[in-house]
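Trainee: I would be grateful for a close look at a single part of this model, together with its surroundings. Please take one residue as the starting point and work outwards from there.

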Amino acid sequence: MVLPVEPEFEQALNELTQSLQPFLAANPQYQKALDIVQVPERVLQFRVVWEDDKGVPQVNRGFRVQYNSALGPYKGGLRLHPSVNLSILKFLGFEQIFKNALTGLSMGGGKGGSDFDPKGKSDSEIRRFCTAFMGELFRHIGQDTDVPAGDIGTGAREIGFLFGAYKRLRNEFVGMLTGKGLHWGGSFIRPEATGYGLIYFVEHMIAKSCPELSLTLPSTIVAVSGSGNVSQYTALKVIELGATVKTLSDSKGAVVAPEGFTKEDILSIGQLKLKGGSLESWVAEQQGSRFVYHAGKRPWTLLPVIHHALPGATQNEVSGEEAEALVAAGVRVVAEGSNMGCTEEAIEVFEKARKEGKGVWYAPGKASNCGGVAVSGLEMAQNSQRLAWTTEEVDSKLKGIMAEAYAQCLNAGTKWSGESLTDNVLPSLLAGANVAGFIKVADAMREHGDWW
C-alpha cells in the first residue's frame, strides 16, 4: 500500500523510533508493539457547513484522530487553524499518547480540529461554526470515550460554544470537554497549567545540571517564544520566581526587552492577544524605548547570552542554525512548551552538545509540556466526583506530576539511551521520555490483547 506523505507525522514517528533503538535491541519483542501503536485506532474526517454573517454557507474540514485508548479515554485538544491537516493531527495525536502516559493519569491519546480560522470572525460566526462542528463530533466523544480540550484557536469561548452544543444534542451535562469555565465544571490552574508545568519541569533540570543558573536569580536570562497562553504563563512564572525573561514572539516577529519583561507587560500582551492584536502594534503603543521589535524574526538569534530557551509557539520553530546560535549563546536548558518545537536538525545540535559534555540539556514537549493535559486529567477527575479542588490543591498535584514525569524521563534516559555516560555528560531526556512513555503504553496494549 502506498501511504500518503505526512511530513509532520513521519518526523514524530522517526524521532520515537530512533530513541527506541537501544531498548528494542535488548527487547526485540516490542518491535511489534511499535508497528501497531503507530496506526490510529480510528480516524474521523467530516464536512462542517456553517453560515457566515452575510447568510452565505461556508465549508470546512473537521477531524478527530482517536489514536490510542490503552491507558484511558482518548484525550487531546481541538485545533482551529488554517494549517490543520491530517498529518499535523496525526503527529499531535501520536505525541499525545506518550505525553499522557508520562502524567500517570488514565488518559489515552487523540487530537482533532478543523482548518477553520477563528481570526477575523465574529462571535456569532464562531458560535455557528462550533455548533455545526459538534453536530457531527458529538456522535464520537463522551466522558468515558473521548474527552477533547482546547488548543490553538480553541479557547474558553470556543469550549463554551462546543459544550453548549453537545449539551443540547445529548440532553446531558457531563465532563466530555476540558478547559471549561470555572463556574460550570472547569478546574483552577487549567489556563496556567502548560506554562507553569513547563517551569516546574525545568526547575528539576536546572537543579541537576546548572544550579548556578537558577530561576530565582535575576541574572538568569530566559528566552521564550510565542505570546499565546503557554508563553504568557511560562513568562509569568519565570518572572514570579525572579529570573529575567527577555523575549517573546508571534507569527509576524519577535520582541526583545533588554532589561526584561515585567508582570504588567505580560498581562498587557495577554489582553492584546485576546483581541487578535500583534506584538508589533503593542510595541508601537509602549512609552520609551524598553522594547525592540524584530520583524520576521524568532528570538533565538537576537541575544548574545541566553541561559534557558523555552519554545512556546508551534511545531518546528527552532531550526538547526538557530540551535547552533543558542549553543554559542551559552544555552544550558532547552525545554519545549510547544509540541515538537525543535526541528530534527535542532535536536541533533542539542544532543551533540550534550554528548560532548557542554552542559546543554534538551527536553521534548511530550515531557516538559505535559502539565496542560495533566490538569485536564485532574479536571476530568473533579467532574467525575462532582467536586472542585482549590487552586493550591491543583497546583500541588501538578508539581507532583511534573516531578514524577521528570524522574521517569531521567531514569529511562539513563538506562536506555544506549550511551556510556561519563560524569560530565547528562542522560538523554529525549530518549527517556520516548522510552518511558512507550513501555507504559505497550505493556497495557499487550495485556489488552492488542499485540502478542
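Mentor: Thr-247 counts as buried, because its relative accessibility is 0% (buried means under 20% relative accessible area, exposed over 50%, and partly exposed in between, with a 1.4 Å probe and protein chains only). The model is a predicted one, in which local features need pLDDT of at least 70 and side-chain atom pairs count only at pLDDT 80 or more, whereas totals for chains, interfaces and linings use all residues. Residues are numbered from 1 along each chain as its sequence is written, and side-chain values use heavy atoms, with hydrogens and water left out.

Thr-247 belongs to strand β7, which spans residues 244-250; helices (H or I, at least four residues) and strands (E, at least two) are DSSP runs, numbered from the N terminus. A polar atom of the Thr-247 side chain lies 3.0 Å from the backbone oxygen of Val-224. A polar contact is a pair of N or O atoms within 3.5 Å; within protein, one must be able to donate a hydrogen and the other to accept it, and residues adjacent in sequence count only if both atoms are side-chain atoms. Leaving aside residues up to four places away in sequence, Thr-247 touches Val-222, Ala-223, Val-224, Val-255, Val-256, Phe-261, Pro-299 and Leu-303, where contact means heavy atoms within 4.5 Å.

The strands around this residue come next. Strands of a sheet pair through backbone hydrogen bonds, either parallel or antiparallel. Here, two strands are said to pair if DSSP finds at least two bridges between them. Strand β6 (residues 221-224) runs parallel to β7 and is joined to β7 by 3 bridges; Ile-221 stands opposite Thr-244 of β7. β7 and β8 are antiparallel and share 4 bridges, with Asp-250 opposite Gly-253 in β8. The connection from β7 to β8 is a hairpin through 2 residues.

Strand β8 covers residues 253-256, with Gly-253 and Val-255 pointing one way, Ala-254 and Val-256 pointing the other way, and all of them buried. β8 is also joined to β9 by 4 bridges, in the antiparallel sense, and Gly-253 stands opposite Ala-295 in β9.

These pairings belong to an open sheet of 7 strands in the order β9-β8-β7-β6-β10-β11-β12, with mixed pairing. β9 (292-295) and β12 (361-363) stand at the edges with a single partner strand each, so one side of each has no neighbour in the sheet. On average, neighbouring strands of this sheet are turned by 15° against each other, direction ignored; axes are lines fitted to C-alpha atoms, for helices over the stretch in contact, and angles run from 0 to 180 degrees between N-to-C directions.

Towards the other end of the strand order, attention may turn to a loop residue. Val-331 lies in the loop between α10 (320-328) and β11 (333-335). Val-331 is buried, with a relative accessible area of 2%. Not counting residues up to four places away in sequence, Val-331 touches Ile-306, His-307, His-308, Ala-309, Leu-326 and Val-360. The C-alpha atoms of Val-331 and Ile-159 are separated by 37 Å, the two residues being 172 apart along the chain.
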